[in-house]
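Trainee: Could we go through this one together before the meeting? I'd like to start with the RNA and then look at the packing.

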Amino acid sequence: MIDIKFLRENPDVVRASQKGRGESVELVDQILASDEIKRAAVNEFELLRQEQNVLSKSVGAAKGDEKNALLANAKELADKVKAADTKRAELEEQTKQLIIQLSNLLDTDAPIGGEEDFVTIEHVGTPRDFTKDGFEPKDHVELGKLLGAIDTERGAKVAGSRSYYLTGAGAMLEFALVNYAIQSALKNGFTPVIPPVLVNPAAMEGTGFLGQAAENVYRIEKDDVYLVGTSEVPLAAMHMDEILPADKLPMRYAGYSSCFRREAGTYGKDTRGIIRVHQFDKVEMFSFCKPEEAKAEHQRLLQWEKDFLIAMDIPFRVIDVASGDLGSSATRKFDIEAWIPTQGAYREVTSTSNCTEFQARRLNIRYKDADGTKAIATLNGTLVAIPRMIVAILENHQNSDGTVNVPAALQPFLGTAKLELV
RNA sequence: GGAGGAUUCGCAUAGCGGCCGAGUGCGCACGCUUGGAAAGCGUGUAUAGGGAAACCUAUCGAGGGUUCAAAUCCCUCAUCCUCCGCCA
């Protein structure tokens, strides 16, 4: 949620931001208009209420005829107050519904444009030359079968499309990746968290996943709860309606959870393998920090993501995601894309967003220092999303016979330097 | 799933129609006292909106209702605790 005061004072900045995202500019003017009549209604209500409070007090003190006379007045006034209150509530709700549609302000450094207009910031590592190695790389589905690591056929049989089993080496890879991730996160000052994945509407709404993103969310209608698509949701909502002490900031959480995504509208995409699935596990980094620290924290999250890929010895590039492709909460977003040999392309494996105070304002999370209470900033970043990381590891580190070399960093957790055929 | 109890200012509580935005204790902050500290004493100590300020308005789990007036009465919901049942 955008700060309404900021919007009143800087409507042009907000208009420019909406334009950059390819979203409604008129919305800004609708909000300003609605806000103005709302404020008038609030004022009217408050004046009437004040009058009523005074009158009520005098009723209490009065006796006999005097009291009866005052009561007649008070009754009439009570009706007026009620009417004014109803009007005020309606206008407040209307204004809120409009404001909530507004996306976060773009970072002025974010590239403008659509999905294709990202800016590549850097390349790290060099894609392996399989021709030089003398063999044609197998894709992760084939490798997964040879290693007894991934079973998409039975996944489909039991749970439908985009479902899979991780078995044997596949399951062990997940445990190793998670353990390595949590160990790194601990070193970087994160508190490890296993959050609820079934959350209430307030948590989902507050984190901004019931807007445009709603159709990708699983809902359990009978109990009015949602399955989260990322632990960002329970991690952000963890401090909903709280005021955090400034000296505890930044507060960093590393959440490990299953993530559920309907993947509506992606029918043609990535139908093979486990790049795009309905359920996967992920270790997510989440930070609460002072707004003035947010940019630097964003860079730190990005660095930790890069460190992970480097430790996995996987070539990747970092892209600065363009305005039209940002989530509504993000002011700026960096994706890390790993090289996938059989696709001859870089594919997103992690992503980090700076949500500044936008998400915190919706969730009513603030911090307090000597100067008072202020909105806090929130940021999130993927440390490791298991299936995509498994894809990257298998494909990049495969040998001609289908065995796979384990990155040195994972070896202690996996207990082997090589995944063998079954 | 059934029965009962609870939810008030950081914590613990008081309040059960107007004197209550709300008392007390603890905690915390500042000051006095002290050689220093403890104790003691004094002052202050929620959030949001409006206003230059004085101050006004809202909030006593959430929402609705009764009333001139609700922390206080009624209804619905949520959460927590205790007991019973059921299950791992």
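Mentor: We can take the RNA surface, then the cores and then the cysteines, keeping in mind that this is a predicted model.

Trainee: OK, how many residues surround RNA strand B, and which are the closest?

Mentor: There are 21 residues around RNA strand B, and the closest of them are Arg49, Ser56, Lys75, Arg366 and Thr373. Of the strand's atoms that come within 4 Å of the protein, 71% belong to sugar and phosphate.

Trainee: Which oxygen of the strand is 3.3 Å from the side chain of Lys75?

Mentor: That is a phosphate oxygen, lying 3.3 Å from an N or O atom in the Lys75 side chain. The side chain of Lys368 likewise places an N or O atom 3.2 Å from a phosphate oxygen, whereas for Arg366 the partner is a sugar or linking oxygen, at 2.7 Å from a side-chain N or O atom.

Trainee: And which elements give two or more residues to that surface?

Mentor: Those are α1 (4-9), α3 (26-61), α4 (64-99) and β14 (366-369), and α3 gives the most, with 9 residues. By class, the surface near RNA strand B is made up of 9 charged, 6 polar and 6 nonpolar residues.

Trainee: Switching to packing, which residues touch the most other members of the largest nonpolar core?

Mentor: That core has 58 residues, and the ones touching the most other members are Leu177, Phe308, Met312, Met389, Leu394, Leu410 and Leu419. Several elements supply at least two residues each, among them α8 (169-187), α11 (294-311), β16 (377-385) and α13 (386-396), and the largest share, 9 residues, comes from α8.

Trainee: What is Met389 in contact with, beyond its sequence neighbours?

Mentor: Leaving aside residues within four places in sequence, Met389 is in contact with Leu177, Phe308, Leu309, Met312, Ile314 and Val384. There is also a second, separate core of 23 residues, which includes Ala203, Val233, Ala236 and Phe288.

Trainee: Last topic: how many disulfides are there?

Mentor: The count is 0 disulfides.

Trainee: Why is Cys289 too far from the closest cysteine sulfur for a bond?

Mentor: Its closest cysteine sulfur is the one in Cys355, and because the two sulfurs are 11 Å apart, they are too far from each other for a bond, given that a disulfide requires sulfur atoms within 2.5 Å.

Trainee: Is Cys289 buried or exposed, and what about Cys355?

Mentor: Cys289 is buried, with a relative accessible area of 2%, and Cys355 is buried too, with a relative accessible area of 2%.

Conventions: Residues are numbered from 1 along each chain as its sequence is written. Chains are lettered from A and ligands numbered from 1 in the order in which they are written. This is a predicted model: local features need pLDDT of at least 70, side-chain atom pairs count only at pLDDT 80 or more; totals for chains, interfaces and linings use all residues. Side-chain values use heavy atoms; hydrogens and water are left out. Buried means under 20% relative accessible area, exposed over 50%, partly exposed in between (1.4 Å probe, protein chains only). A residue is near a molecule or strand if one of its heavy atoms lies within 4 Å of it. A polar contact is a pair of N or O atoms within 3.5 Å; within protein, one must be able to donate a hydrogen and the other to accept it, and residues adjacent in sequence count only if both atoms are side-chain atoms. Helices (H or I, at least four residues) and strands (E, at least two) are DSSP runs, numbered from the N terminus. Ala, Val, Leu, Ile, Met, Phe, Trp, Tyr, Cys and Pro count as nonpolar, Asp, Glu, Lys and Arg as charged, and the others, Gly among them, as polar. A nonpolar core is a set of buried Ala, Val, Leu, Ile, Met, Phe, Trp, Tyr and Cys residues joined through side-chain atoms within 4.5 Å. Contact means heavy atoms within 4.5 Å.
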